Amino acid sequence: MTLAELDVLREQSLAELRAAADAAALEPVRIRYLGRNGQIPALMKQLKDVPAADRPEFGRRANAWRAELEAALAGRQTVAAPREDAVPFDPTLPGRWHTLGTMHPISRVIEEVCRIFNRLGFVVADGPDIETRFNNFTALNTPAHHPSLDETDTFWLGADQLLRTQTSPVQIRVMTSQKPPVRIVTPGRCYRRDTTDATHSANFHQIEGLYVDTRPVSLADLKATLACFAREMMGPSVGVRFRPHFFPFTEPSVEVDFSCHVCGGSGCRVCKQSGWIEIAGAGMIDPRVYQLIGYNPEEVYGYAFGMGVERIAMIRYGITDIRHLYENDVRFLGQFA
Ligand code: PHE
């Protein structure tokens with residue numbers, strides 16, 4: 001090959017490069033000239049056949065050509081050829097809005113309730129959503145024929161396992177693993193086979209409280225503690241009353257009402273004209289529970305209480321339908337920023 005032929009070949013390769021429309025079209029050009037069996041490596045092998053006088057100049061031009069091609073290819077490959085569907089940059093478009101999430105009202109209430117009880121010496125304890133029959137019912141002195149054990153009330157996962165229907169089993173977990181005194185609050189999810197309506201959900205949250213000590217603890221202590229909680233939560237003018245009730249694991253048992261925060265106790269639609277709103281179940285731990293978990297009923301005193309988180313959230317924020325709490329509609333949730 002002569003120097004003139006080399007120049008023709010170089011011109012041709014550059015023209016092919018310019019003609020290639022995109023990266024895919026560049027590749028065959030690269031292979032044809034720079035590939036292992038391409039033109040330039042072949043030329044280098046033929047160098048010995050070039051007349052000796054031309055040889056140095058031939059080698060120089062061939063190397064320069066290779067460098068030129070490589071540089072041109074690199075340039076073409078990094079600057080991607082314009083795509084037909086590319087959207088042009090429009091600086092007049094409005095910016096993207098990065099919204100911040102807010103804390104869910106359920107989480108807010110849990111945090112607030114736990115914070116109040118923390119100050120009263122209660123620590124947060126945790127338990128699993130899947131419980132045993134023993135922890136959820138038997139140890140809580142609930143007889144096997146009690147209606148709450150029924151298929152229609154409880155989500156059973158087998159003969160012995162279930163989705164807990166209350167947070168009270170955490171009491172059992174803590175008492176079977178710890179000596180008194182224990183003073184805990186346990187927020188968590190609960191499950192019941194309830195048909196969903198404005199005030200019921202098959203999945204809801206409770207916060208349980210438990211205080212057991214070897215020093216005398218009375219119903220008066222329970223009431224004082226809950227009254228203190230009520231004032232912290234609802235303000236100084238809130239009233240608290242106990243109504244006799246029944247729970248299998250407390251004796252005596254009470255239901256706890258707070259005076260209506262809307263009418264202040266005179267009666268309105270929210271409290272159904274009664275002036276009171278039911279907030280919690282509570283009572284002194286039944287001696288039978290102590291026996292079942294291995295405490296000596298003669299040596300310990302204690303109370304427990306349990307409240308519905310959704311109920312408190314609804315009262316607190318004036319939410320009229322429990323379902324709003326589960327629909328994850330940002331228009332609703334954004335109001336609690
Ligand atoms: N676990 C009871 C319920 O779900 C509430 C409760 C808790 C009552 C603790 C007394 C003591 O109805």
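1. In this predicted model, strand 9 contributes three residues to the shell around the ligand, the most that any element gives. The elements that supply two or more residues to that shell are strand 5 (203-213), strand 8 (276-285) and strand 9 (301-308).

2. The shell itself is made up of Gln166, Ser168, Arg192, Gln206, Glu208, Phe247, Phe249, Gly281, Ala282, Ala304, Phe305 and Gly306. By type, these residues divide into five nonpolar, five polar and two charged, and a reader who wants to follow the surroundings of the ligand can begin from that list.

3. Three side chains of the shell come up for their distances to the ligand. An N or O atom in the side chain of Gln166 is 2.8 Å from a nitrogen atom of the ligand, while for the side chain of Ser168 the distance from an N or O atom to a ligand nitrogen is 2.9 Å. With Arg192 the ligand atom is an oxygen, and an N or O atom of the Arg192 side chain is 2.9 Å from that oxygen. How much of the ligand does the protein bury? Taken alone the ligand exposes 330 Å², and the protein buries 89% of that area.

4. The largest nonpolar core holds 47 residues, and those that touch the most other members are Phe117, Val256, Phe305 and Met307. Helix 5 (residues 105-119) gives the most to this core, with seven residues. A second core, separate from the one just described, has 19 residues, among them Ile172, Val289, Tyr290 and Ile293. As a general matter, nonpolar side chains in soluble globular proteins tend to be buried together.

5. Phe117 deserves a paragraph of its own. Leaving out residues up to four places away in sequence, Phe117 touches Phe122, Val185, Thr225, Leu226, Phe229, Phe305 and Met307. Of these partners, Phe305 also belongs to the residues around the ligand.

6. Thr225, one of the residues touched by Phe117, is found in helix 8. Why does Thr225 count as buried? The reason is its relative accessibility of 14%, which falls under the 20% limit. Beyond four places in sequence, Thr225 touches Phe117, Leu120, Phe122 and Tyr303.

7. Helix 10 (residues 309-317) has Val309, Glu310, Ile312, Ala313, Met314 and Ile315 as buried residues. The cover over these buried residues includes helix 5, strand 5, helix 8 (219-234), strand 8 and strand 9. Just after helix 10 comes Gly318, which takes a positive phi of about 65°.

8. Two loop residues remain to be described. Thr142 sits in the loop between helix 6 (133-136) and strand 3 (161-163), and Thr142 is buried because its relative accessible area is 8%. Apart from neighbours within four places in sequence, Thr142 is in contact with Phe137, Ser148, Leu149 and Pro248.

9. Pro180 lies in the loop between helix 7 (169-177) and strand 4 (182-191). Not counting residues up to four places away in sequence, Pro180 touches Val212, Asp213, Thr214, Tyr295 and Val300. The C-alpha atoms of Pro180 and Asp160 are separated by 28 Å, the two residues being 20 residues apart along the chain.

Note on methods. Residues are numbered from 1 along each chain as its sequence is written. This is a predicted model: local features need pLDDT of at least 70, side-chain atom pairs count only at pLDDT 80 or more; totals for chains, interfaces and linings use all residues. Side-chain values use heavy atoms; hydrogens and water are left out. A nonpolar core is a set of buried Ala, Val, Leu, Ile, Met, Phe, Trp, Tyr and Cys residues joined through side-chain atoms within 4.5 Å. Buried means under 20% relative accessible area, exposed over 50%, partly exposed in between (1.4 Å probe, protein chains only). Helices (H or I, at least four residues) and strands (E, at least two) are DSSP runs, numbered from the N terminus. Contact means heavy atoms within 4.5 Å. A residue is near a molecule or strand if one of its heavy atoms lies within 4 Å of it. A polar contact is a pair of N or O atoms within 3.5 Å; within protein, one must be able to donate a hydrogen and the other to accept it, and residues adjacent in sequence count only if both atoms are side-chain atoms. Accessible areas come from the Shrake-Rupley method with a 1.4 Å probe; for residues, only the protein chains shown count as cover. Ala, Val, Leu, Ile, Met, Phe, Trp, Tyr, Cys and Pro count as nonpolar, Asp, Glu, Lys and Arg as charged, and the others, Gly among them, as polar.
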